[in-house]
Amino acid sequence: MSEEPTITPVAPEGDDYLERRALRRGSAGWVLLTGLGVAYVVSGDYSGWNFGLAEGGFGGLAIAMVLMGAMYACMVFALAELSSILPTAGGGYGFARRALGPWGGFLTGTAILIEYVLAPAAIVIFIGDYVESLGLFGLESGWPMYLVCFAIFLGIHLWGVGEALRFSFVVTGIAVAALVVFALAALPDFSFAALDDIPVDSSAAGSNSWLPFGLLGIWAAFPFGMWFFLGVEGVPLAAEETREPARTLPKAIRWSMGILVVLAVVTFFAAAGARGSAAIQEAGNPLVEALQPDGEATTLSRIVNYAGLAGLVASFFSLIYAGSRQLFALSRAGYLPRFLSLTSRRKAPYLGLLVPGTIGFLLAAVSGNGARMLNIAVFGATISYALMSLSHIVLRRREPELPRPYRTPGGVLTSSVALVLACAALVATFLVDVTAAFIALAVYVVAVGYFGLYSRKRLVAKAPEEEFAALAAAEAELARD
């Protein structure tokens, strides 16, 4: 996998190739990046995770959340080290490119791209549902609503990364504050007896009141346990637009994960304990449902409902950003068509925003199935997690002397835990939605065919991630001599 391909020069594009593909440097500090990491994920606190109660019950989802939280914690510590070594917009693709060669880089980058293109398409459907349920201006969910969402938020991204991240930070702050308000409001109604009120399936192996669907239910709940953290790994994609990335990125990644862990535990226990696991296991808006035991809206439930919309907007907006940066990096290096990495006068990758945005809008408008698209996104995510964790292990073993401004606590043991749990989560996607898993696999196969038959021999040696890998190959050659 580490064998180097024939890399063609960038002569057809001229010496200004990278100048026409430059992002705005130094636009974000660690506070904005921490907000970005939380923004990727915060919508998952408002909805989606609760469907895991129908797969594993309270105990099964709780164990799944702990295991998936451990996977993300181990992985982000590994990513913190990798991003301090190679702070470029390629993120996971760049790490895997150095460790696993061009094939490893492409497979990782494509998996990340699947996640970040499909997730916004799913979330915009949920935004439409929220707007309709709230009765805002009499609007209804449908393709006109999706089109307006994509047009507005793509426009903000095209204006510039600094403005985009500040907007995301404000909206995320509103969503997080509302989660705190929700937890305080739910506390008076909390009951431990409500946590395990789902009827037990006595035919399931190992079933009891805490594991009503047995031991297999824990595994089936893995994808839903991920929803409390899905997307936080996108922080390194902002590397080229960050001040002092080798110091800033690790700090932002760690803070983001710490905040998300607290929000996950508080939200999970407060919602299930206030209303009961059975009542919210199929709710589209579980937090609002938890505050309305009689089905009547209250002032607090309305506040949380509007905040849920803010959370969806924050994640939708931030995931568009992440997808554009991953596409930008893969295109700049020649893995995908090079024109997709061109940037505007405001240093925004305009085609990297518009192309995946158009695809996302069309997917939302045609399918209308947000849950399935999220399951496809989870499939891509788990593949990338496994490959990024493997990259950390390989670089630690192969290049122990590589300068590391930040070092992962526990070293390869930490990333090995992430690798094993990521593989387990990948298999779990087939337990939840076989169709979604095979759709994602089909997209992956088509992408691999494109790379193997065409772009593999047309990579751009000047791209930062490719230069980094070439330097490693040259150093290895000198060592052999």
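A disulfide here is a pair of cysteine sulfur atoms within 2.5 Å. Going by that cut-off, a search of the whole structure turns up 0 disulfides. Keep in mind that this is a predicted model. Below is a quick look at two cysteines, Cys74 and Cys423, and then at a tryptophan, Trp49.

**Cysteines**

- Why does Cys74 have no bond to Cys423? The Cys74 sulfur has its closest cysteine sulfur in Cys423, and at 14 Å that is too far for a bond.
- Turn it around and the story holds for Cys423: the closest cysteine sulfur belongs to Cys74, 14 Å away, so a bond is out of reach.
- Is Cys74 buried or exposed? With 15% relative accessibility, Cys74 counts as buried.
- Cys423 comes in at 36% relative accessibility, so this residue counts as partly exposed.

**Trp49: where it sits**

- You'll find Trp49 in the loop between helix H2 (43-46) and helix H3 (53-85).
- Despite the loop address, Trp49 is buried, because its relative accessibility is 0%.
- As for Ser203, the C-alpha atoms of Trp49 and Ser203 are 25 Å apart in space, with 154 residues separating the pair in sequence.

**Trp49: what it touches**

- Leaving aside residues up to four places away in sequence, Trp49 touches a list of residues that includes the aromatics Phe224, Trp227, Phe228 and Phe268.
- Also among the residues Trp49 touches are Gly44, Leu61, Thr267, Ala271, Ile280, Pro286 and Leu287.
- Which backbone oxygen does the Trp49 side chain reach? That would be the one of Asp45, at 2.9 Å.

Key:
Residues are numbered from 1 along each chain as its sequence is written. This is a predicted model: local features need pLDDT of at least 70, side-chain atom pairs count only at pLDDT 80 or more; totals for chains, interfaces and linings use all residues. Side-chain values use heavy atoms; hydrogens and water are left out. Buried means under 20% relative accessible area, exposed over 50%, partly exposed in between (1.4 Å probe, protein chains only). Helices (H or I, at least four residues) and strands (E, at least two) are DSSP runs, numbered from the N terminus. Contact means heavy atoms within 4.5 Å. A polar contact is a pair of N or O atoms within 3.5 Å; within protein, one must be able to donate a hydrogen and the other to accept it, and residues adjacent in sequence count only if both atoms are side-chain atoms.
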